[in-house]
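Trainee: I'd like to go through this model with you one question at a time. Could we start once it is on the screen?

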Amino acid sequence: MKYSEICGVYEKLSVTSGRLEKTSIVSEFIKKIAKHGNPEWIYLLRGRVLPDYDVREFGISRQIIIKTLSKSFGVLSSEVLSEFNKIGDLGEIAEKFAGKRKQSTLFSSSSLSIDKVFDGLMKIFALEGKGSVDKKVSVVSEILSSASGIEAKYIVRTLLGDLRVGIAESTIKDAIAESLFPEDKKSYAELIESAYDLSNDYAEIFAAAVKGKKEIEKISISPGKPMNVMLAVKAEDIEDAFRICGKPAAIENKYDGFRVVISKKNKEIKLFTRKLEEVTSQFPDIIEVVKKNISGESFILDSEAVGYDPKTKKVKPFESVSQRIKRKHHIERLVKELPVDVHIFDVMYYNGKSVMHLPFSERRKIIEKIIHPEKLKINIAEQIITDNEKRAEEFYKQALKKGEEGIMVKSLSSPYKPGRRVGHMVKLKPSSSEFDLVITGAEHGTGKRAGWLTSYIVACASEKGFLNIGKVSSGLKEKESEGTTYREMTKLLKPLIKSEKGRVVYVKPKIVVSVTYQNIQKSPSYNSGYALRFPRITFYRPERSTKDIATLEDVKKAVVCTSFHSL
Ligand code: ATP
């Protein structure tokens with residue numbers, strides 16, 4: 001199939017706003033792939049060539065694209081840059097140059113195939129290290145050499161991770177259901193969603209769906225691959241927790257570290273964050289402990305790794321242990337300076353089989369059988385089983401006294417539901433005025449902070465997309481030893497810049513931060529309709545994705561709470 005076909009889909013999507021219309025545009029294209037194509041092309045619809053569980057990025061900056069366009073179209077880099085300053089979209093600039101070169105109309109006679117684009121894009125992941133920029137420029141130039149204007153636009157936008165066609169993940173799920181099972185699309189959409197929670201791979205699901213329902217039902221988790229974890233619902237108090245989980249329930253400490261999914265298959269151990277990122281190489285200490293203290297041929301375990309001070313043995317705040325996730329160098333030194341204690345609290349797969357369908361009480365028995373605890377290295381989450389509110393309250397108090405974040409209350413009879421907040425486990429912790437939010441913009445600093453991006457625009461999630469809720473300029477540090485620095489944040493945000501206006505840059509929403517605030521006000525200044533007063537960044541959350549951030553609903557609830565408290 002020709003690449004121009006998928007570009008036609010992008011063009012239609014970009015001028016369509018209704019979800020149903022978008023679904024039917026995608027569904028028509030999916031029908032064609034089912035007949036003549038490769039299931040992996042489905043990734044291209046969201047500007048990717050890899051399944052969602054594979055978080056590798058092209059690593060192509062705007063500078064690389066400017067260099068490539070200059071080389072491919074024989075124009076000066078300065079000319080590309082000046083066009084960029086006018087238009088703000090390198091995709092459109094590529095379209096303009098490629099259109100001129102080919103003297104082409106909308107879909108010229110380009111013979112570029114989807115295969116060629118897909119394979120070319122895949123090649124980029126292998127290019128690393130010295131000389132990789134030039135190699136990337138060559139690979140992209142080669143793809144662009146036979147592209148029409150429109151094709152060049154979407155190739156460039158795909159490389160920059162900014163397709164600008166407004167296609168949600170859920171549209172892909174609905175479109176697979178609509179294209180293959182038009183007679184019962186609603187129930188198939190649900191089946192596909194559950195399969196997605198297990199595999200994070202629409203191509204795998206699509207390939208199975210083409211063969212029929214049974215094949216979709218066979219999709220499961222497997223060790224060695226990251227997976228979505230089960231999320232907790234918030235409880236107001238112990239009574240509320242029991243109401244949600246039933247009686248008796250299991251009560252555990254809510255350890256304050258970061259979540260690690262530990263997976264083992266064929267003697268190979270891998271570690272993943274809840275954002276599906278692999279962190280195996282950052283934690284050789286956890287790997288050692290898993291080898292030594294957990295029995296089983298294959299497994300997937302859910303755990304919380306908590307950092308502690310090697311001298312005092314006291315728990316360290318999340319910020320310091322987050323260094324362990326971020327740093328890729330000097331790992332041996334960090335292992336000594338910031339050791340972690342792993343608390344295992346669930347099991348999803350054991351010796352060749354998924355055990356997610358088993359009730360929690362049964363899964364806990366597996367954990368107790370296979371984990372061999374060792375102080376300050378690995379242990380099983382401390383747990384009581386009770387139906388007594390007083391006893392639960394006492395456990396909660398003790399947990400807080402020990403410095404834990406709170407407690408988790410878990411339904412004993414429930415299965416493990418990956419990727420969902422279904423109330424099979426609830427969290428209870430003292431209320432705080434804090435949200436996890438995503439950064440959507442920033443300002444170039446001045447004076448002492450010149451050269452850095454400071455003053456971050458933060459947003460919450462909503463059905464309509466991310467909605468801004470404030471601007472936060474305090475909380476980050478100037479010195480590295482004190483936590484995440486402005487310099488570090490600038491480095492993270494720069495490759496994500498989509499456009500600039502004066503001193504303000506707008507970035508792809510990827511970086512999640514925890515933000516505390518004093519209260520929330522209704523405000524027309526931000527498109528959420530609310531503004532945080534006196535916000536402050538407490539932590540950069542490298543292990544969290546935009547799926548984990550506060551929603552507009554959470555904000556509205558917090559407004560009610562804060563106005564109640566200020567009465
Ligand atoms: P929070 O910001 O309150 O930590 P969260 O967004 O990280 O919440 P939730 O799923 O809402 O995640 O809350 C549960 C989190 O608590 C888990 O993600 C896990 O990292 C952590 N946790 C600590 N101890 C436990 C435990 N014993 N059982 C389950 N989760 C635990």
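Trainee: What is the phi of Gly246, the residue that follows H13?

Mentor: Because this is a predicted model, local features need pLDDT of at least 70 and side-chain atom pairs need 80 or more, while totals for chains, interfaces and linings use all residues. Residues are numbered from 1 along each chain as its sequence is written, and side-chain values use heavy atoms, without hydrogens or water. H13 is a helix of residues 238–245; helices (H or I, at least four residues) and strands (E, at least two) are DSSP runs numbered from the N terminus. Just after H13 comes Gly246, with a positive phi near 85°.

Trainee: Which residues of H13 are buried?

Mentor: Buried means under 20% relative accessible area, exposed over 50% and partly exposed in between, with a 1.4 Å probe and protein chains only. What covers the buried residues of H13 includes strands E1 (231–234), E2 (249–254) and E9 (383–386), helix H18 (389–401), and also E10 and E11, by contact (heavy atoms within 4.5 Å). The buried residues themselves are Ile238, Asp240, Ala241, Phe242 and Cys245.

Trainee: What is the omega of the peptide bond from Lys247 to Pro248?

Mentor: Pro248 sits in the loop that runs between H13 and E2. The bond that joins Lys247 to Pro248 is cis, and its omega is near -10°.

Trainee: Where is Lys410, and is it buried or exposed?

Mentor: Look in strand E10, residues 406–411, where Lys410 is found. Beyond residues up to four places away in sequence, Lys410 touches Cys245, Ala249, Ala250, Glu252, Phe345, Phe360, His424 and Met425. Cys245 in that list is also one of the buried residues of H13. Because its relative accessibility is 3%, Lys410 counts as buried.

Trainee: How far is a polar side-chain atom of Lys410 from a nitrogen atom of the ligand?

Mentor: There are 18 residues around the ligand (a heavy atom within 4 Å), and Lys254, Glu304, Lys427, Lys429 and Arg544 come nearest. For pairs of N or O atoms, the polar contact limit is 3.5 Å. Between the Lys410 side chain and a ligand nitrogen, the distance is 2.8 Å.

Trainee: How far is a side-chain N or O atom of Lys254 from a ligand oxygen?

Mentor: Ala232 is a useful companion here, with a backbone N or O atom 2.9 Å from an oxygen atom of the ligand. For the side chain of Lys254, the distance to a ligand oxygen is 2.7 Å.

Trainee: Which elements give two or more residues to the lining of the second largest cavity?

Mentor: A cavity is a set of points on a 1 Å grid over the protein atoms alone where a 1.4 Å probe fits but cannot get out, and its lining residues have an atom within 4 Å of a point. The second largest cavity is lined by Met230, Phe360, Arg363, Lys410, Ser411, Ser414, His424 and Met425. The elements you want are helix H17 (360–370), E10 and strand E11 (421–428).

Trainee: How much space lies in the largest cavity?

Mentor: The whole structure has 2 cavities of 30 Å³ or more, with grid points joined across faces, edges and corners and volume taken as the space filled by probe spheres set on them. About 30 Å³ lies in the second largest cavity. The largest one has a lining that includes Ile42, Tyr43, Arg46, Tyr196 and Tyr202, and its space is about 70 Å³.

Trainee: What is the phi of Lys313?

Mentor: Lys313 belongs to the loop between strand E5 (299–307) and helix H15 (318–326). Since its relative accessibility is 46%, Lys313 counts as partly exposed. This residue is not a glycine, yet its phi is positive, near 65°.

Trainee: And what is the phi of Asn351?

Mentor: Asn351 is in the loop between E6 and strand E7 (353–354). It counts as partly exposed because its relative accessibility is 38%. Although Asn351 is not a glycine, its phi is positive, about 40°.

Trainee: What separates the C-alpha atoms of Phe29 and Val9?

Mentor: Phe29 lies in helix H2, residues 19–36, and is buried because its relative accessible area is 2%. Leaving aside neighbours within four places in sequence, Phe29 is in contact with Met1, Glu5, Ile6, Val9, Leu45 and Ile114. Phe29 and Val9 are 20 residues apart along the chain, and their C-alpha separation is 7.3 Å.

Key:
A polar contact is a pair of N or O atoms within 3.5 Å; within protein, one must be able to donate a hydrogen and the other to accept it, and residues adjacent in sequence count only if both atoms are side-chain atoms. On a 1 Å grid over the protein atoms alone, a cavity is a set of points where a 1.4 Å probe fits but cannot get out, and a pocket is an open set with protein on both sides within 12 Å along at least five of seven lines; lining residues have an atom within 4 Å of a point.
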